[in-house]
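Biologist: I would like to know how labels such as "buried" or "salt bridge" are earned. Could you take me through some of them?

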Amino acid sequence: MGNKANHVLAADYGAGSGRVVRGSFDGEMLSLHEVHRFSNDPVQLADGLYWDFLRLFHELKQGIVKGTQGLTNPVRSIAVDTWGVDYGLVDGAGRLCWNPRHYRESRNAKWMKETLLLVNEEDLYTMSGVLPQQINTVFQLVGSLRDNAELVPDMRMLFMPDLFHFYLSGQLACEYTIASTSGLLHAGEDRWNESLIGRLGLPETLFPPIARPGTVLGRLTDDLCSELRIEPMQVISVGSHDTASALAAIPASDPNFAFISCGTWSLMGMERDSPVLDERSRRLGFTNEGTVSGKTRTLKNRSGLWLLQECKRQWERENNMFTHQELVQLAASAPALQSFILPGDEIYLTPGDMPERIRQQCTASMQTAPETIGATVRCILESLALEFRQTLDELELVTGSRPNVIHMVGGGVQNRLLCQFTANATGVPVVAGPVEATSAGNCMLQFMAHGEVSSLSEVREIVKASFAPETYEPEDCLPWQEAYGIYQKLNGRLAEGFI
């Protein structure tokens, strides 16, 4: 692919780590090469929890340098995607007012309560389409500005990817898909909700223009090119929310699909023409966010592989060292469908001895407690699959449509047992891959902005050809259906009449 390829850089920041990937495209196939990886460590100070933006920007610069070395053809552009909701504030001179706060900031609960005195949950949901949760930008922003009495008159808010783009290019803009996580846009639209902003007492001048995905913001600043000793490249807004870029890279041919972006957390939902805003969808926990094509992703943020990651850490503390693949092999050999947990239960949210918590919860619910490592892993994976089944049923309830296929992307697709269990539990084929959907989507949307690709459907075809997905057909559905009945009773859904 070498000399003929076009090159772009995708910077992908997660809540625990970040990386810079070089994407190379020869007109038919995309290849990805990770050039720089680094940790993302929040910093606790006396007044709260912060992201270390200065270090994260330093790491971005190192990635740019590494990503541009040794190429015959220059890198054409760069785009950044990150997690949602968090933001930074800059003044009129472009100075960062303070480090961005972390969405796990302990005061968010208080800020949410105070904000809901101004606008209730039902109104927030119907006005913005975003499920009210204490991590939301709207609550962070109202509380933060209340706590900081001396506001700079020309202050501007930028979501995390927009903040990186600003210090790369000097251009102020908020990209649509990341802004759609905030709770401050009109539901399903790419414009600020002035009525809501007014009711919350926020200054309209705080909010920069909305940029559509695929917008060329500008070029790397001359100072940055001089510092890094590199040639200029364009700075592009893609699907700046990582889930939006991942969804763009889903190799879907049937439009009636559900998606699962699976890692520590799992985001499961459907791509729709318009948001779902009724009371039932709010009570079931669905939120509505923007896609790169201007549609809506109606989704629920569910528990993912966090439980398995925490169990692995506990076993390592006990000198039981296993790779993830070895744990999956142990689970495959354990008895099937013995006991289930509710992965989203609050008891599992914090770090600690996760295997013991799982045993305790199984015992408390009159089930067989898993005593071996393999049985514990199998309990987790089967429970996650049943959780996906529940979400699929709820999606059908709120949208009126049952998907024909589930596309699973992200690191979770490397867990082949989870993919097969998900197909078994849902009774729907699971198409797994690509693992690197977010970086693939980020890169291909840049090539689309360069005119190398003409449509989102073409992007998805190229991704499918470049990273062949694997399909898992449902098996042994009857025992899984019986297990789902047990799971529903554990969850209390039958009694509430939702399903």
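Modeller: What follows is a set of questions and answers on a predicted model.

Biologist: Let us start with burial. Why is E59 called buried?

Modeller: E59 has 11% relative accessibility. Buried means under 20%. Therefore E59 counts as buried.

Biologist: And what makes R55 partly exposed?

Modeller: R55 has 27% relative accessibility. Partly exposed lies between the 20% and 50% cut-offs, so R55 counts as partly exposed.

Biologist: How do you know that E59 and R55 meet in a salt bridge?

Modeller: Their side chains come to 3.4 Å, N to O. The cut-off is within 4 Å, from a Lys or Arg nitrogen to an Asp or Glu carboxyl oxygen. So the pair of E59 and R55 qualifies as a salt bridge.

Biologist: What separates E59 and R55 along helix α1?

Modeller: They are four residues apart in α1 (residues 53–68), so about one helical turn lies between them.

Biologist: What makes E227 and K61 a salt bridge?

Modeller: Their closest N and O atoms are 2.8 Å apart. The limit is within 4 Å, so this pair passes. E227 sits in helix α8 (residues 222–228) and K61 in helix α1, so the pair ties together parts 166 residues apart in sequence.

Biologist: Which of the terms buried and partly exposed fits E227, and which fits K61?

Modeller: E227 has a relative accessible area of 48%, so it is partly exposed. K61 has 14%, so K61 is buried.

Biologist: How do you know that E105 and R101 form a salt bridge?

Modeller: Their closest N and O atoms are 3.1 Å apart, so they meet the 4 Å limit. E105 is buried, with a relative accessible area of 2%. R101 is buried too, at 10%.

Biologist: How many salt bridges does a search of the whole structure find?

Modeller: It finds 32. Salt bridges also link D12, R19, E34, R37 and E436 in a network.

Biologist: Now to the strands. What makes strand β18 mostly covered?

Modeller: β18 covers residues 405–409, and five of its five residues are buried. V405, H407 and V409 lie on one side. I406 and M408 lie on the other. Both faces are covered.

Biologist: Why do neighbours in a regular strand fall on opposite faces?

Modeller: In a regular strand, side chains alternate between the two faces of the sheet.

Biologist: How do you know that β14 and β18 are paired?

Modeller: Five bridges join β14 (residues 257–262) to β18. Pairing needs at least two bridges, so they pair. The two run parallel. S261 has V409 of β18 as its bridge partner.

Biologist: What joins β18 to β19?

Modeller: Three bridges join β18 to strand β19 (residues 430–432), and the two run parallel. Here I406 stands opposite V430. β18, helix α15 (residues 416–426) and β19 make a right-handed β-α-β unit.

Biologist: Where does α15 lie?

Modeller: α15 lies across β14, β18, β19 and β20, at about 45° to β20.

Biologist: Why is the pairing in the open sheet called mixed?

Modeller: The seven strands run in the order β16-β17-β15-β14-β18-β19-β20. β14 and β18 are parallel. β14 and strand β15 (residues 265–272) are antiparallel, joined by five bridges. C262 stands opposite S266 in β15. The sheet holds both kinds of pairing, so it is called mixed.

Biologist: What makes β16 and β20 edge strands of that sheet?

Modeller: Each pairs on one side only. The twist averages 30° from one strand to the next.

Biologist: How do you know that β6 and β13 pair?

Modeller: β6 (residues 75–81) and β13 (residues 234–237) share two bridges, in the parallel sense. At least two are needed, so they just qualify. I78 has V235 as its partner in β13. Four bridges also join strand β12 (residues 215–219) to β13, running antiparallel.

Biologist: Last topic, the cores. Which residues have the most contacts inside the largest nonpolar core?

Modeller: L60, L168 and W192 do, in a core of 62 residues. Apart from it lies another core, of 56 residues, among them C262, W306, A331 and V428.

Key:
Residues numbered from 1 in each chain as written. Predicted model: local features only at pLDDT ≥ 70, side-chain atom pairs only at ≥ 80, totals over all residues. Heavy atoms only, no water. Buried < 20%, exposed > 50% of the residue type's maximum accessible area, 1.4 Å probe, protein only. Right-handed = clockwise from strand over helix to strand, strands pointing away. Core = buried A, V, L, I, M, F, W, Y, C linked by side-chain atoms within 4.5 Å. Axes fitted to C-alpha atoms, helices over the stretch in contact; angles between N-to-C directions. Contact = heavy atoms within 4.5 Å.
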